[in-house]
Amino acid sequence: MDDITRRAALGMTGRAVLGASAGGALLARPGQQATGPRLSRPRPARRAPDWAALARQLRGPLLRPGDRGYAGASLPYNKRYASIRPEGVALCADTADVQAALRWARRSGVPFAARSGGHSYGGYSTSHGLVISLARMNQVQVDTRSMIIRTGAGARNHDLYAALAGTSVAVPSGRCPTVAVSGLLLGGGFGFSSRHLGLTCDHLLHTEVVTASGEVLQVSAQSHPDLFWACRGGGGGNFGINTRYALRAEQVGSVSVYKLEWAWKDARAALSSMLGLMSQAPDTLSCRLGLDVRGGGRVTGGAPERGVSALGLYFGPGRELAGLLEPVLAAAWPARQQIEDRSYTRAQAFLAHSAPTGKFASKSRYLAQALPDAGLDTALGWIERWPGSANPGGGGLTMFAWGGAISRVGPAATAFVHRDAAFLTDQEFTWTARDDDRVVSAGLEWLAEGYHQLAPFGTRQAYQNFIDPSLPDWRTAYYGANLPRLTRVKHRYDPDDVFRFPQSVPEPPR
């Protein structure tokens, strides 16, 4: 499992049915009657979309089924949604291409989704119509004099860290190399540096946004401040397509990293001691705790592999880090341990991991405090009921330590409301095409059961970048008290609700 936002990047727009003409009324949502005069005879069939016309308007290529590169460009990261394949992928070269693709989609009545990294947990960065891909807009410029980092919408974590190498500056970012900074930032954005440096969205200085009308807005605290507020944690794909960013950099020096792994028999002691440490640790220390299981299980048969691990970053030397971890090592000696001094960018390489992979489902929840003993027993018992799957990633529970710099920003200062949490949990089940319906059904039931059992130990809030299509009260869970203001911003910049998907910020009540 991973510690970064996987919501489809940058304008992870939903699979909306859009306006039939540039200035005409929108088509009705499913189950909603379209407004306007009644017709005395049936409407004529809509003309087939002119894909050749779109190709002529773009500087970047337009890929259609059968074209070289289409297969890779059209697949979403979560293969659970691999059957949703677009009729075209516009590989935008610049903001003008984004404008052209968006206008063409609206004019042609073609549903669309914008994508940079494509890691949407809910599959919201894919479409049966047009995918507006920002993957080629991946430039990163680091100015160490002004301490500003400028990125294109398609820049991914590996692009960012490559540009930061040797500069001694950083910005909070994520763990998975292929996740785009855009989706990370728009939904909040946290990683191993966030307890010390804050969230990615807290470092936003400026962003460029293409609105539903095709207008390009330069958005900052001084220009369109309401939209700027919403872009800092309001979630990608709700208000427009963000195409560029300017981020405030932080000076960093050498750091140290650690990885501890315990045998399953020591899981309870290891978890309890590590959670206790992180409840009072300095902001300079981060932690990802993992309870992982893979292989055989009660449905697939065979003995599963279970493990417990702790992984993190410390803004200080390894000798100090070893001292901080000493009580944990005394409580439960790891089967394997690693503590190293590294440069900041080499530390990111140590921490990097792409997960989950294949087909997966995820459910997140914030905790106001560390799991108590009863919660740990519940979590361990849930892991031991693992049904099994063929995916090497398996499943399990991850706990990320929050607090520190994250909590020093008020919940209303940005759209990101989850400022008072002590921990974020993420429960996952992964599978592959080789797993039959029986295995998939058992795994999804196992995931839902574990999420329900741990509910008494957490809050009602969940992380919008681990977006969960099955979450009932997602509006409150993702946005809390900030939802009314977000709906007002939505109405101002997208009054026709062009950017919509099953869990997009809704229009205000009318």
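These legends describe close-up views of a predicted model.

**View 1. Trp51 in helix α1.** W51 is part of helix α1, which covers residues 51-57. Is W51 buried or exposed? With a relative accessible area of 7%, W51 is buried. Apart from neighbours within four places in sequence, the residues in contact with W51 are L62, R64, E87, G88, W104, V110, G129 and L130. R342 lies 291 residues from W51 in sequence, and the two C-alpha atoms are 50 Å apart in space.

**View 2. The open sheet of four strands.** In what order do the strands of this open sheet lie? The order is β1-β2-β4-β3, and the pairing is mixed. At the edges are β1 (62-63) and β3 (112-115), each of which pairs on one side only. Strand β4 consists of residues 130-133, and β3 pairs with β4 in the parallel sense over four bridges. Within this pairing, A113 of one strand stands opposite V131 in β4.

**View 3. Strand β6 and its two partners.** Strand β6 covers residues 148-152 and is mostly covered, with four of its five residues buried. One partner is strand β5 (residues 140-143), which runs antiparallel to β6 and is joined to it by four bridges. V140 stands opposite T151 in β6, and D143 has I148 in β6 as its bridge partner. The hairpin of β5 and β6 has four residues between the strands, and in this hairpin M147 takes a positive phi near 60 degrees. Another partner of β6 is strand β10 (residues 241-248), and here the pairing is antiparallel over five bridges. I149 has L247 in β10 as its bridge partner.

**View 4. Helix α4 and what covers it.** Helix α4 is made of residues 157-164. Which residues of α4 are buried? They are N157, D159, L160, Y161 and L164. The elements covering these buried residues include the strands β5, β6 and β7 (169-170), together with the helices α5 (181-186) and α10 (344-351). After α4 comes G166, which has a positive phi near 80 degrees.

**View 5. The largest pocket.** The volume of the largest pocket is about 640 Å³. Its lining is made of 32 residues, and those nearest the centre of the pocket are R288, D292, R294, S309 and H353. Which strand gives the most to the lining of the largest pocket? β14 does, with six residues. At least two lining residues come from each of β12 (255-262), β13 (288-295), β14 (304-314), β17 (395-401) and β18 (423-431). By residue type, the lining of the largest pocket divides into 12 nonpolar, 10 polar and 10 charged.

**View 6. The largest cavity.** The structure has two cavities of 30 Å³ or more. The largest cavity has a volume of about 80 Å³. There are 13 residues in the lining of the largest cavity, and F190, G191, F192, C287 and A401 are those nearest its centre. Helix α6 (194-197) and strand β17 each supply at least two residues of this lining. The lining residues of the largest cavity comprise seven nonpolar, three polar and three charged.

**View 7. The second largest cavity.** The second largest cavity has a volume of about 30 Å³. Which residues line the second largest cavity? Its lining consists of L186, C231, G235, G236, G237, N238, F239, G240 and N242. Three of the lining residues are nonpolar and six are polar, with no charged residue in the lining.

**View 8. Cysteines without disulfides.** A disulfide is a covalent bond between the sulfur atoms of two cysteines. How many disulfides does a search of the whole structure find? The search finds zero. Why does C176 form no such bond? The closest cysteine sulfur, in C201, is 19 Å from the sulfur of C176, so the two are too far apart for a bond. The cut-off for a disulfide is a pair of cysteine sulfur atoms within 2.5 Å. For C201, the closest cysteine sulfur is in C231 at 10 Å, which is also too far for a bond. C176 counts as buried because its relative accessibility is 0%. C201 counts as buried too, at 0% relative accessibility.

Definitions and conventions:
Residues are numbered from 1 along each chain as its sequence is written. This is a predicted model: local features need pLDDT of at least 70, side-chain atom pairs count only at pLDDT 80 or more; totals for chains, interfaces and linings use all residues. Side-chain values use heavy atoms; hydrogens and water are left out. Buried means under 20% relative accessible area, exposed over 50%, partly exposed in between (1.4 Å probe, protein chains only). Contact means heavy atoms within 4.5 Å. Two strands pair if DSSP finds at least two bridges between them. On a 1 Å grid over the protein atoms alone, a cavity is a set of points where a 1.4 Å probe fits but cannot get out, and a pocket is an open set with protein on both sides within 12 Å along at least five of seven lines; lining residues have an atom within 4 Å of a point. Grid points are joined across faces, edges and corners, and a volume is the space filled by probe spheres set on the points. Ala, Val, Leu, Ile, Met, Phe, Trp, Tyr, Cys and Pro count as nonpolar, Asp, Glu, Lys and Arg as charged, and the others, Gly among them, as polar.
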